[in-house]
Amino acid sequence: MKLKYFTFLFLMLSFFFSCKESEASKPTVKQELLVDLSKLNNEITHLQKLVKSNSSQKEIVEQFKKSRLAYKKVEWAIEYFIPETARFMNGPALDEIELEENRSFEPHGFQVMEEMIYPEYNSESKEDLARELNIFQSNIKQLENTFEAINVSDDYVLDAIQQNVFRVIALGITGFDSPILQSSIPEASQSLISIPETLEKIDADNKSVSELRELTQNAKKYCTENNNFNAFNRAVFITEYLNPISKKLKTFQKEENIKDVKKSSPLKPTIETLFDKDAFDVNAFVLSKEYAFTKEKAVLGEKLFYDTSLSKNNDRSCATCHNPEKAFTDSLKTNVSLTGKNLPRNTPTLTYASLQNAQFWDMRQLDLEKQSVDVIQNKDEMHGSMENIHAKIQLDKEYVKLFKKAFPKTSKPEAWQIQNAIASYVRSLNAFDSKFDEYMRGNKNVLNNEEIEGMNLFMGKAKCATCHFTPLFNGTVPPSYSKTEHEVIGTPNEPLGKSLSPDKGRYIYNKMPQLVGAFKTPTVRNVAITAPYMHNGVFKTLEEVVSFYNKGGGIGLGYEVENQTLPFDKLNLTVKEEKALVAFMKTLTDKKYQ
């Protein structure tokens, strides 16, 4: 009997320690990342050998694609934990500009190499490509050192993976990081396959992991069967594959009791998909907690918005140029100054303006508070005085009462609160209730076939979404939404004119050659009712806008635009496709304007 007991005890202890040993031997997320970085390094090394041995363009391109696939497996972690290095591994092939220091850095990484190997590859490209590959390997080494040093906790891992699903939606399937080879579809599936492999390191027995494995395999299968970039149905892929993956990640988080990551981000940590109605937090763009949005501030701001006493002659309010019935635009090419002359630029919509890190076409102000003061004090627009306005408000009983509700911690209205209240009203103008939004939340009947075709063109062949990022459709770059971009597109002075617009845009305030003619990328939401278009109101219709882009922007029209950031090759859209593209943009209209 004793022998049987000790035998049983021995077996149980052996089993216990073998399980512990097996558990301990399981690679962690960090260890797996280091292994994947090593594999990426091997692919780059092989590509270097092909370049050195004068291999054919076909061999080099194929190995380049393999290297990108290896990168996609670890992109979720690189972009999240070390974005500064990621920018020089897979960022746009455009100079990185630091306005504060008035300097720029030349781009590096995959997109730069892509231009070297395709559509042409020659001996001149070989030396440059070899140099880029050496830089890339140095960056891999930097990544390895960083990952070895940092703590990669479960909450950050899950947040990074969720962010990467959003990256696939907004950047991956649009061709943003593979603009020439257009290998975005297989790369998107590679990004997704890594999800369950990573979550297994947290809890391999969780049911949601196996469900995510099935979801990502189905997504991969869809990509494999529909790998033509231009024909790929993004509407189906997002709603039937990516959104379910995103929701299942949230389920896994709840089941594992993994806390949300506390950070200042426009994306709320509670969202299930990128298209949730309340996905974006306007407070992520405010200066500090004192400036945070409240309904009481917005009520006060609305009154100020319509108050003509903010102008010098008491004859203009903010609403004079920003008419709420026209999505806060004015339907004019450019409005008229106080002296009767035309203002230099078109009035932009205020809807969704709060979800940007820069204001005005030339991006000269970073926040809405400074934007309102700029307009009020501008001698051509309102020519008001903040000091005089503040004095008037303190003598107005109704205003004093509203200020007390909006700012209960202060005894009387303060000057900064005027700016904050107006900005808060603008922050209330984000509805996210268009037909497009309904469709992305599951109402499959709200869009017709032409509109869906237009969406797929917008996010694919027409390349619109590589600048107007889904779902904000402006230039605030996902998924961190920490930076708002400008573009140089070569806008003409007249619709059929032979010269460029003389407006130098951002260059007026930052004398860098890359910024000549650079303007903020505005939102396309409500675009159906915010005509005319462009910074100078040069185009009256969306059809004209689409035609301009279809021809390749300024360079495509024959203008000299050395620093054009817009691809200048023709899009080759058919008349039917141009029509579908316009039809889709009209689905981005808020319900109140429909």
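# Chat about a pocket and some backbone details

User: Hi! How much space lies in the second largest pocket?
Analyst: About 860 Å³ of space lies in that pocket. Keep in mind that this is a predicted model.

User: Which residues are closest to its centre?
Analyst: Pro348, Phe360, Arg364, Val375 and Glu381 are the closest to the centre, out of 41 residues that line the pocket.

User: And which helices each supply at least two residues of the lining?
Analyst: Helix 12 (318-321), helix 13 (368-377) and helix 16 (415-427) do.

User: How do the lining residues divide into nonpolar, polar and charged?
Analyst: The lining of the second largest pocket has 17 nonpolar, 16 polar and 8 charged residues.

User: Switching to the backbone. What is the phi of Met363?
Analyst: Phi of Met363 is near 60 degrees, which is positive although the residue is not a glycine. Most residues other than glycine have a negative phi. Met363 sits in the loop between helix 12 and helix 13.

User: Is Met363 buried or exposed?
Analyst: Met363 counts as buried, because its relative accessibility is 5% and the cut-off for buried is under 20%.

User: What about Ser331?
Analyst: Ser331 also has a positive phi, about 65 degrees, without being a glycine. Its place is the loop between helix 12 and helix 13. With a relative accessible area of 38%, Ser331 is partly exposed.

User: Where are the cis peptide bonds before Pro471 and Pro532?
Analyst: The bond from Thr470 to Pro471 is cis, with omega near 5 degrees, and Pro471 lies in the loop between helix 18 (449-458) and strand 3 (486-487). The bond joining Ala531 and Pro532 is cis too, with omega about -5 degrees. Pro532 belongs to the loop between strand 4 (519-520) and helix 19 (542-550).

User: Next, Gln163. What does it touch?
Analyst: Leaving out residues up to four places away in sequence, Gln163 touches Tyr80, Lys263, Leu267, Pro479 and Ser480. Gln163 is part of helix 7 (residues 154-170) and counts as buried, at 8% relative accessibility.

User: Now the whole protein. How many helices and strands are there?
Analyst: There are 21 helices and 4 strands. Of the 594 residues, 54% are buried.

User: What is the radius of gyration?
Analyst: The protein has 27 Å, which agrees with the value near 25 Å for a compact globule of 594 residues. The C-alpha trace spans about 100 × 65 × 50 Å along its principal axes.

User: Last one: what is the accessible surface?
Analyst: The accessible surface comes to about 27900 Å², and 52% of that belongs to carbon and sulfur atoms.

Notes
Residues numbered from 1 in each chain as written. Predicted model: local features only at pLDDT ≥ 70, side-chain atom pairs only at ≥ 80, totals over all residues. Heavy atoms only, no water. 1 Å grid on protein atoms, 1.4 Å probe; cavity = no way out; pocket = protein on both sides within 12 Å on 5 of 7 lines; lining within 4 Å. Points joined across faces, edges and corners; volume = space filled by probe spheres on them. Nonpolar A, V, L, I, M, F, W, Y, C, P; charged D, E, K, R; others polar. Rg over C-alpha atoms; globule rule 2.2 N^0.38 Å. Buried < 20%, exposed > 50% of the residue type's maximum accessible area, 1.4 Å probe, protein only. Areas by Shrake-Rupley, 256 points an atom, 1.4 Å probe, with all protein chains shown as cover. Contact = heavy atoms within 4.5 Å.
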